[in-house]
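Visitor: I'm new to this one. Could you show it to me and explain the words people use for it?
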Amino acid sequence: MSEEQIKNLEEQFEARILRDDKIEPKDWMPEKYRQTHIRQISQHAHSEIVGMLPEGNWITRAPSLRRKVALLAKVQDEGGHGLYLYSAAETLGISRDEMFEQLHTGKAKYSSIFNYPALTWADMGAIGWLVDGAAIINQVALCGTSYGPYARAMVRICKEESFHQRQGYEIMLKLSQGTQEQRDMAQDALNRFWWPALMMFGPKDEDSPHTAQSMKWKLKRKTNDDLRQQFIDQTVPQAELIGLTVPDPDLKWNEERQSYDFGEIDWDEFWQVVKGHGPCNKERMDARVNAWEGGAWVRDAAMAYADKKQERKAKQAI
Amino acid sequence: MKENLYKYILGIADNSLILGQRMGELCGHGPSLETDIACTNLSLDLFGQVRSCYQYAAKILGDDRTEDDIAMLRKERDYLNVLLVEQPNRDFAYVIGRQFLFDVYHHLFLTELQKSKDLTLAAIANKSIKEVSYHLRFSSDWVKRLGDGTEESHARMQEAIDGLWTYTDELFHQTEADKEMVAEGIGVDVTKLKETYYNNVAGVLTEATLQVPELKYFQKGGKQGIHTEHLGYLLAELQYMQRAYPNMEW
Ligand SMILES: [Fe+2]
Ligand SMILES: [Fe+2]
Ligand SMILES: [Fe+2]
């Protein structure tokens, strides 16, 4: 293809995105678009499956059968999200094995929030309420993103995430109506998860290198700071409603902006965790790598069996 | 009669509770995303069945004990599950082997329980059997895949079946509560399931190119509350919250 032709294609491509046309797997797309999408979608998929770990660790200890069933169903949903998202990424020409490889070698990232430990039952509430809550705010915007398979996966996922968010909040509500010990447990969980949840929206806009390009491709519709503000404005009244205190002494309603002002995020902590030195980075990766390596013989067996079955069928056909 | 019915229900529910708990341990650690989701699904189904049973058991008790009290606040010796279901997740072959050896029984059992004169139990069986048919298909397929897969998977699957075989005979033992319930037309005569069970199991194992173990020495005791050492640890996790924070609502 001549340079002229490529330029032409690129112009048509950008025009389609402007018109809100969906880009489908077989359509021509710039290489950078493909790579950016592989990176973002696989990162999102990894977040779903690494995200199974902190909550999975409470399944065996859930305080009631009803909660156990709900938690199992939630964690299973997250696995399902991983599945759709890996499939969406595969349409861009990368295999699931390659994506796992990138995760396990640290080349691909996942959401840093999952590098914080889930220490008490209340953390199941805080994670659903805050982490799924923050995820929804990030993801609702993506339901209208330009890449068709990603946008469609997002629509499906967002519905379930908002169910998770309500379920998490309901756990917190129940604790707040309980004994002093239960209320303390809820407050402690909020204290530990509040700031990491705010960090889920990523660095401040001035430190966020991909924003402009991502906005153009509708991989982002609002900036990190706007989304973070939206989350805070939505969540603070929810905390108040159940008698919990947001652990930020600088938090104050700003009448003029009709928004909350809030304190400075500890960006050193943010970068430390992103760079792999959070409280659970190593555990999370070990768990994933062990599951993958420990399961290799199972996957090999399934493949060998499928091949044998195919062969037998072929022989029968003759 | 009430005491026997209560114990009878526990015998059914405890099997699913303990197996569900074992499967729940795997969540997030499966050999592939698909198997991970499938194992979680099995666990979910089992806990769903368990809830119906314990709710019924609580109704029979008629005091203020709830499904959770019954599920989580008994002592080790009061759990009536068979030894098979409490065996640990040594590897995926053990997980599948345990599931398969239980599913074949579970399916036969529920098929009969649907005819129970106790309409609640019949309804629970009727609802559960759809799920358990799926479990049985899932575990049988995996026994075949692993048995007839690679050399390594074959060896592991055989080892799991050999290791778990000693716990199969207990499935067909009758307790006093069982006998009473059979006489009343409520319970299932498990002794009558034994032949079909071993035939069905042998059918799948053979198709999976595995040997049917010839072991003649069997373990028993679960139905009397005499368990393997594994159960205590499982219960420690299961009961942790209820023990550490008594009399609270969640
Ligand atoms: Fe999710
Ligand atoms: Fe998500
Ligand atoms: Fe979620």
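Guide: Here is a short chat about the labels and what backs them up.

Guide: This is a predicted model, where local features need pLDDT of at least 70 and side-chain atom pairs count only at pLDDT 80 or more, while totals for chains, interfaces and linings use all residues. Residues are numbered from 1 along each chain as its sequence is written, chains are lettered from A and ligands numbered from 1 in the order in which they are written, and side-chain values use heavy atoms, leaving out hydrogens and water.

Visitor: What makes Lys308(A) and Asp148(B) a salt bridge?

Guide: The term asks for a side-chain nitrogen of Lys or Arg within 4 Å of a carboxyl oxygen of Asp or Glu. Here N to O is 3.0 Å, so the pair fits the definition. Between chain B and chain A the count is 4 salt bridges.

Visitor: Why is Lys144(B) called buried?

Guide: Buried means under 20% relative accessible area, exposed over 50%, and partly exposed in between (1.4 Å probe, protein chains only). Lys144(B) has 15%, so the label is buried. Its salt bridge partner is Glu207(B), with the closest N and O atoms 3.7 Å apart.

Visitor: And why is Glu31(A) called partly exposed?

Guide: Glu31(A) comes out at 48% relative accessibility, so it sits in between those two cut-offs. The side chain of Glu31(A) meets that of Arg34(A) in a salt bridge (3.7 Å, N to O). Arg34(A), at 22%, is partly exposed too.
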